[in-house]
Amino acid sequence: MAKTPETEHPVKAFGWAARDTSGTFSPINFSRRATDERDVQFKVLYCGICHSDLHMSKNEWGFTQYPVVPGHEIVGVVTEVGNKVEKFKIGDKVGVGCLVGSCRQCDQCTDDLENYCPKQIISFNSTYVDGTVTYGGFSDIMVADEYYVIRWPENFPLDVGAPLLCAGITMYSPLRYFGLDKPGLNVGVVGLGGLGHVGVKFAKAFGAKVTVISTSISKKKEAIEHLGADEFLVSSDPEQLQAGASTLDGIIDTVSAVHPLAPLLSLLKPHGKLVLVGIPPEPLEIPVFPLLSGRKAVVGSVIGGIKETQEMIDFAAKHNVLPDVEMIPIDYVNTAMERLLKSDVKYRFVIDVAKSLKSE
Ligand code: NAP
Ligand code: ZN
């Protein structure tokens, strides 16, 4: 008989899955592999909800394998370790982000850039080395090779810290790589959502002057008074954009939907970089004239490698960079996804998995 998600592995697991392009979530019984010699198994305590989980649950990128159990900002406490595990022991606080596998041999892997390994394996909706589909953190337990498990700093909160595992590293990595981590630089962040608000906090921690570019005027007061942004531009207001022309050294664009890039390019100084991290389901148009005049660049960036993710978490703990989250029970996930689509969350939903996920 063909194996199902419930029977393909020996360890019983329970979670919430989307089953078709409606993206509606409902409970699912599935299974996890037995803890292998280099694996860490952990009880999931909290899991953030990233807009990628929403894109994927509705098959907006065209490669969803249903049923899909998303969640890639996964934190918890170790319950079992394989006999060759060196970094972790039972009871340790840990996290897993987007990555659960890579070839470990290519140039990218040997450079600690597993996030650019062509054979990378993502923590959900990906095919693992054993040929089975990976399931993410909207579930009671998780198992991963210790190489991809992040050590949680002492006294750093697991609940509000969870979104750093995707939102945090996705902003930290390009700020570092593109040299936007220097005090006094002018950095723009487009879209004040889960990624954007963490980006503001990291850029401020690096000493940058931060300009938020947003569609939501309602977010202005809080962005400046609470998140520490220095400027706030409403992207639909030509006068505000004109006033900000040629002021920014770099911009990280987190927008999840199709949007015009010309107004953003106009905000860059000559040689400025527009770093795309948002992943709209349709292509964006790149206007060429504003690129040429000023030798500007449009580039992309995806999460970060494992070493850099650990560095980011340790930096966040040291500098008290913590996401602002709305904690929810798992049976609120369908409403949470509707609200996320409307940019109606300040600024990241986190599921209180251990408290609210009850197997049937
Ligand atoms: P989010 O919380 O929904 O934030 C996205 C923000 O974009 C919204 O809060 C909104 O900010 C703005 N926005 C939404 N619709 C817009 C529109 N039509 N036009 C202009 N602005 C709009 O999402 P997220 O979790 O931060 O994720 C953002 C994107 O990054 C998603 O596409 C996700 O898949 C992608 N992502 C990429 C990576 C990577 O490694 N590259 C990692 C994680 C996520 P304002 O209200 O301020 O305008
Ligand atoms: Zn994500």
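P67 sits in the loop between α1 and β4, where helices (H or I, at least four residues) and strands (E, at least two) are DSSP runs numbered from the N terminus. The peptide bond leading from Y66 into P67 is cis, with omega near -5°. N59 belongs to the loop between α1 and β4 as well, and its phi is near 55°, a positive value in a residue other than glycine. A second cis bond runs from K346 to Y347, with omega near -15°; Y347 is placed in the loop between α11 (333–341) and β17 (348–352). For background, most residues other than glycine have a negative phi, and most peptide bonds are trans.

A word on the model itself. This is a predicted model, in which local features need pLDDT of at least 70 and side-chain atom pairs count only at pLDDT 80 or more, while totals for chains, interfaces and linings use all residues. Residues are numbered from 1 along each chain as its sequence is written, chains are lettered from A and ligands numbered from 1 in the order in which they are written, and side-chain values use heavy atoms, with hydrogens and water left out.

Now to the zinc ion. Its protein donors are C50 (SG), H72 (NE2) and C166 (SG), at 2.0 to 2.3 Å from the metal. Donors here are N, O and S atoms within 2.8 Å of the metal (3.2 Å for Na, K and Ca); water is not among the atoms, so sites may look incomplete. Along the sequence the spacing is C-x21-H-x93-C. C50 lies in the loop between β3 (39–49) and α1, and H72 in the loop between α1 and β4 (74–81), 22 residues apart.

Ligand 1 is surrounded by 29 residues, the closest being S214, T215, S216, K219 and R348; a residue counts as near if one of its heavy atoms lies within 4 Å. Three polar contacts (pairs of N or O atoms within 3.5 Å) are set out here.

| Protein atom | Partner | Distance |
|---|---|---|
| T215, polar side-chain atom | oxygen of ligand 1 | 2.6 Å |
| L192, backbone N or O | oxygen of ligand 1 | 2.7 Å |
| I279, backbone N or O | oxygen of ligand 1 | 3.0 Å |

Taken alone, ligand 1 exposes 920 Å², and the protein buries 90% of that (Shrake-Rupley method, 1.4 Å probe). Two elements, α1 (51–57) and α5 (194–205), give two or more residues to the shell, and α1 supplies the largest share, three residues. Domain 1 (11–166 + 324–356) and domain 2 (167–300) both contribute to the shell, so ligand 1 lies between them; the bounds come from an automatic or database domain assignment.

Finally, the UniProt record (an unreviewed entry) places "domain: Enoyl reductase (ER)" at residues 23–351. The end C-alpha atoms of residues 23–351 lie 17 Å apart, and the span is 25% helix and 26% strand.

Methods:
A polar contact is a pair of N or O atoms within 3.5 Å; within protein, one must be able to donate a hydrogen and the other to accept it, and residues adjacent in sequence count only if both atoms are side-chain atoms. UniProt positions are given in the numbering used here, feature names are shortened, and annotations may be inferred rather than shown by experiment.
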